[in-house]
Amino acid sequence: MMKNSWKRFWLGGLVLGVSAIALAGCGNKSDDQSASSDTNSSQVKGDIKLWVDTEHIAAIKGQVSKFEKANPDVKVKIKTGSSADALKDVSKDPEKAADVFMMPHDQIGQMAEAGLLYPIGKKQVATIKKNNVDSAIQGVTWKNKVYGYPYGIESQVLYYNKSKLSENDVKSWDSLTQKGKLGANFAENGANYIFAPLFMSNGDVLYGENGEDLKGTNFNNQNGVEVLSWIAKQKSNPGVVQTNAAALANLQSGKIDAFLSGPWSKNDVKKALGDKMAVAAYPTVNFGSGEKQMKAFLGVKVYGVNQQTKSPLASMALANYLSNEKTQEIEFKKNGVVPSNKRAQEATNVKTDAVAKSVMAMSDNDHSVVMPKLPEMTTFWPPMDSLINDVYKGKINATQYQAKLDKFVSDNAKKTK
């Protein structure tokens, strides 16, 4: 699950002495047309090792077979991998690692800097930009180069009990917590992932406008102080119930009527609420100067190509194929992965799915922030958790907010070793 990869704290990457090779790949065709259509098929050859998460194997096996049939000089060996651990696993021994692998987009910066990812050629970049939503393109772009093939998007949404709350009730945090009880984690580990985007909701930026400027975080302003003041007030909000691991049990028992989570919770919420389950994009929040759209971090599911692959054309062709419209439709049907492909998003079964509909609504710049790809994100999480936890618990008083934010921003601008 993407949420697990986003919340891991990786140490600095292994910098490998490998030069980047710019390679123009083959253009993607819709549905099941051969990825070799835009290039000489004699160039697309080799034995390829593919790492995918266990739950995705059944969905892509048929597509891999079709790819091999269209490219008879390519043999693909599917192996179980862990997308969340792509950085760690490829770094161990790049020459023995998979040629193509699933990964979360937020590892792209560190992997690209370490020489672990093939930069994608111009023809495929043009195809990716044409076929995918803007947030997915942002996710796979690092220093103006594209390093991955997006095949899905993921964001937190609001799950709620529609027998207790109406569509209008959940449009704002105030009405939601006045008319029902929202389970939220402000006091434990993981609060950072859910509530750090509050700063961006109130107009601040994390690592600059493009998420790549180490010194570009500006949380230590009046907007940031307003966010901390708002977090502190939630401790006395009777409509906010501190809950984390027990959220689903509390939802089923009726202790809470709503909570914030991602597509990974869809089946569990359905079991807990049955026909009472409803889903919506995030509500608005009033930090003291009017309603602002509450934002979430957005993640992009990606196929990466190993920079040290011995079969670069074939590897790029396969990654291209496994991220095309048809494969994304299959991934949605089998695994609930919300497509990044614009045409796949228009499929009836996608548009009518409550969770997918809400994730797609969350995927624009008004509702979400694409998770930054800077390697320094590994050092962002712990202090952000502490800041949110301690403000909520009252361990930091209002007179200390500015100083705490100043220190956070200063520390956040330090380069990882």
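**Strand pairing, burial and core in a predicted model**

Q: Which strand, running antiparallel, is joined by four bridges to strand E7 (residues 157-161)?
A: Strands, like helices, are DSSP runs numbered from the N terminus (helices H or I of at least four residues, strands E of at least two), and two strands pair if DSSP finds at least two bridges between them. Within this pairing, Tyr160 has Ala258 as its bridge partner. The antiparallel partner joined to E7 by four bridges is E10, residues 258-261.

Q: On what basis is the model read, and what is its average pLDDT?
A: The model is predicted, and local features need pLDDT of at least 70, side-chain atom pairs count only at pLDDT 80 or more, while totals for chains, interfaces and linings use all residues. Residues are numbered from 1 along each chain as its sequence is written, and side-chain values use heavy atoms, with hydrogens and water left out. pLDDT is the predictor's confidence in each residue, from 0 to 100. With 90% of the residues scoring at least 70, the protein averages a pLDDT of 91.

Q: Over which residues is the pLDDT below 50?
A: Where pLDDT is low, the predicted coordinates should not be read in detail. The stretch in question has 113 contacts in the model beyond near neighbours in sequence, a contact being heavy atoms within 4.5 Å. The pLDDT is below 50 over residues 1-39.

Q: Which strands stand at the edges of the open five-stranded sheet?
A: The strand order of this open sheet is E9-E8-E10-E7-E11, with mixed pairing. Each edge strand has a single partner strand, so one side of each is left without a neighbour in the sheet. The edge strands are E9 (240-242) and E11 (277-280).

Q: How many residues of strand E14 (residues 296-305) are buried?
A: E14 is joined antiparallel to E3 (residues 100-104) by five bridges and antiparallel to E6 (residues 149-155) by six, whereas three bridges join E14 in parallel to E15 (residues 368-370). Individual positions include Lys301, the bridge partner of Pro104, Val300, the partner of Ile153, and Leu298, which stands opposite Val370. Buried means under 20% relative accessible area, exposed over 50% and partly exposed in between (1.4 Å probe, protein chains only). E14 is largely enclosed by the rest of the structure, because the number of its residues that are buried is 10 of the 10.

Q: Which element contributes the largest share of the largest nonpolar core?
A: A nonpolar core is a set of buried Ala, Val, Leu, Ile, Met, Phe, Trp, Tyr and Cys residues joined through side-chain atoms within 4.5 Å. The largest one has 129 residues, and those with the most contacts inside it include Leu50, Phe219 and Tyr303. Leu50 is itself in contact with Tyr303, and also with Leu318 and Leu322 among others. Seven residues, the largest share of this core, come from E14.

Q: Which residue's backbone oxygen is reached by the side chain of Asn306?
A: Asn306 lies in the loop between E14 and helix H13 (312-321) and is buried, with a relative accessible area of 2%. The residues that Asn306 touches include Val90, Asp99 and Tyr118, and its C-alpha is 6.0 Å from that of Tyr118, although the two are 188 residues apart in sequence. At 2.8 Å, the side chain of Asn306 reaches the backbone oxygen of Pro94.

Q: What is the relative accessibility of Asp257?
A: Asp257 is placed in the loop between helix H11 (247-253) and E10. Among the residues in contact with Asp257 are Tyr159, Tyr160 and Lys164. Asp257 counts as buried, at a relative accessibility of 8%.

Definitions and conventions
Polar contact = N/O pair within 3.5 Å; in protein donor to acceptor, adjacent residues only side chain to side chain. Lists of a residue's contacts leave out its neighbours within four places in sequence.
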